[in-house]
Amino acid sequence: MSSQTNPPREIHQQHHTSRETYALLRGQFRGDLLRPGDPVYEEAHAIWNGMVARRPGVIARCTDVGDVRTAIQVAKETGILTAIRCGGHSLAGFSTCDGGLVIDLSRMREVTLDPDARRARVAGGCLLGSIDTATQKTGLVFPSGVVSHTGASGLILGGGTGWLTRRFGLSCDNVETYTVVTADGCIVRANAKENVDLFWALRGGGSNFGVVTEFELKLHPLKSVVLAEGLTPESNIRQLLQFWRDFMPEAPFDLKWNLDLRLAPHKQKVSLPLRGCPVAGSSLVWTGAPEDAQKYFDRLFSLCHPDSVRSQLVSFLNLQTMADTDFPHGRRYYTKSGYFRDLGDRTIDHLLEAVAAIPSPETQIELTYLGGAAGQVAADETAFGDRSAPFIINLLANWADAADDGLHIDWIRSLFQKLRPAMTPGVYVNFMSGDEQDRVPEAYQQRWERMVAVKSHYDPSNFFRLNQNVPPRTRA
Ligand SMILES: Cc1cc2nc3c(=O)[nH]c(=O)nc-3n(C[C@H](O)[C@H](O)[C@H](O)COP(=O)(O)OP(=O)(O)OC[C@H]3O[C@@H](n4cnc5c(N)ncnc54)[C@H](O)[C@@H]3O)c2cc1C
């Protein structure tokens, strides 16, 4: 995932192609064109995952759909490798490339609200925070992810899970229309009536089909939630996991309960005996009437260290930003993820062993339970697929020093190998790393052939290939 090293002839060819691309774009492109050496390039080229240190030849910061179209047409003409960037949070590092073109949508962050219809049109460069801030002005929400600096496009295109998934469904379940610039430069609308195959594929199929310049979203009324948090000491983690596993299948749609196994931070708000020790952090979000929340928190609190428990009413905007500083830009991240139909005791044994030997205070084993409204959509209704294996695990290593890459990556891979036999096939494409191309068919399973057919129709030359890639059929 680190910087690619290309042979000198290839580098020379890349320079030539990026110069040609730049020259063709100048004059017809209305946004900013950045190249190495430009004052803002150094800041503009970096993406969130510090492991991915690639240097594109040209960054084209688009102002509108016309610019996106121009960039795609020029890129097709010169044959330059092209990445698309919204928030730059691809864990795999797909929103950049060495020597190629980045179509950067960060100047396209308009959100247009229709509060009466509970609808919003959001441009393809929006961050989650751009949408939350705009929609909360009228007390409405769009269900998305849990960190506000994440790009909305990448998240929605992969599916999109967050605090409101059980109440309102995945992000992609709440998109009514996608406006897409396809590889041939056409502007296409996809919804339940127009281009229905593309609409199906865009709901979970990632960025394989074109650049989405606008999403038309369904919104829901919600201003605040009850948030409960607590830290369970190592001695109680087994009991907690068993309770959570048995409780969640019957839990109301209004309740989201996420767990993360990690070392408790050395922070003042963490009580002294827990600091630096293995713990399970629980975060419960209740979206129903506040007075109904407490009964769901009592059992959790009995398994937590008493000094660590708190519950409070928080505004939706506070909820959406509370994890922002836990995942800073520029650190090194590596992830592996999978689904379980059930969380067996053997799996819990592995998790307990793992948290006792976790190599970095920032590394986490995240557990979430899907179900709720998201679980009510049939597997063939969207590309996102099988929602019947509700336990999602995400192993996320987070460290600072490049010299430690091997240690952290090996730790994640080895834990994943231990957990893998009990997993049910399937993976969420947004929680995959850049070295997992062989798992992409697993993400789509029985939907794979339909994905390939839609890809072959809209992108037969695989122009959009920097993603968890669905290759088009090769012509005979
Ligand atoms: C800190 C952090 C928190 C996260 N939290 C959650 C979470 O709560 N829930 C969840 O579901 N996921 C979460 N994720 C995963 C997240 O969904 C993916 O990393 C997602 O790809 C990020 O989108 P982005 O636009 O920022 O990424 P980018 O790196 O900009 O793009 C990601 C991919 O999408 C493509 N792309 C971007 N914009 C467009 C567009 N407009 N049209 C077509 N293709 C496009 C890119 O080519 C690339 O392949 C999180 C990731 C991070 C780093």
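Of the 34 residues around the ligand, which come nearest? Cys86, Gly88, Ser95, Thr161 and Tyr428 do. Keep in mind that this is a predicted model.

**View 1. Polar contacts to the ligand.** Two of the contacts shown here go to the protein backbone: a ligand oxygen sits 2.8 Å from a polar backbone atom of Gly151, and a ligand oxygen is 3.0 Å from a polar backbone atom of Ile84. A side chain joins in with Asn430, where an N or O atom lies 3.1 Å from an oxygen of the ligand. On its own the ligand has 960 Å² of accessible area, and the protein covers 94% of that.

**View 2. The shell around the ligand.** Strand S3 (82-85), helix H5 (152-158) and strand S10 (211-218) are the elements that give two or more residues to this shell. H5 gives the largest share, with 4 residues. By residue class, the shell splits into 16 nonpolar, 17 polar and 1 charged.

**View 3. The largest nonpolar core.** This core has 51 residues, and Trp244, Trp257, Phe297, Ile365 and Ile393 have the most contacts inside it. Helix H12 (residues 405-419) supplies the largest share of the core, 6 residues. Apart from this core lies another one of 48 residues, including Leu198, Ala201, Val440 and Met451.

**View 4. Zooming in on Ile393.** Leaving aside residues up to four places away in sequence, Ile393 touches a mixed set of neighbours, among them Phe340, Leu351, Ile365, Leu367, Leu419 and Met423. Lys336, Ser337, Gly338 and Glu366 are also in contact with Ile393. One of those partners, Ile365, is itself listed with Ile393 among the residues with the most contacts inside the core.

Methods
Residues numbered from 1 in each chain as written. Predicted model: local features only at pLDDT ≥ 70, side-chain atom pairs only at ≥ 80, totals over all residues. Heavy atoms only, no water. Near = heavy atom within 4 Å. Polar contact = N/O pair within 3.5 Å; in protein donor to acceptor, adjacent residues only side chain to side chain. Areas by Shrake-Rupley, 256 points an atom, 1.4 Å probe, with all protein chains shown as cover. Nonpolar A, V, L, I, M, F, W, Y, C, P; charged D, E, K, R; others polar. Core = buried A, V, L, I, M, F, W, Y, C linked by side-chain atoms within 4.5 Å. Buried < 20%, exposed > 50% of the residue type's maximum accessible area, 1.4 Å probe, protein only. Contact = heavy atoms within 4.5 Å.
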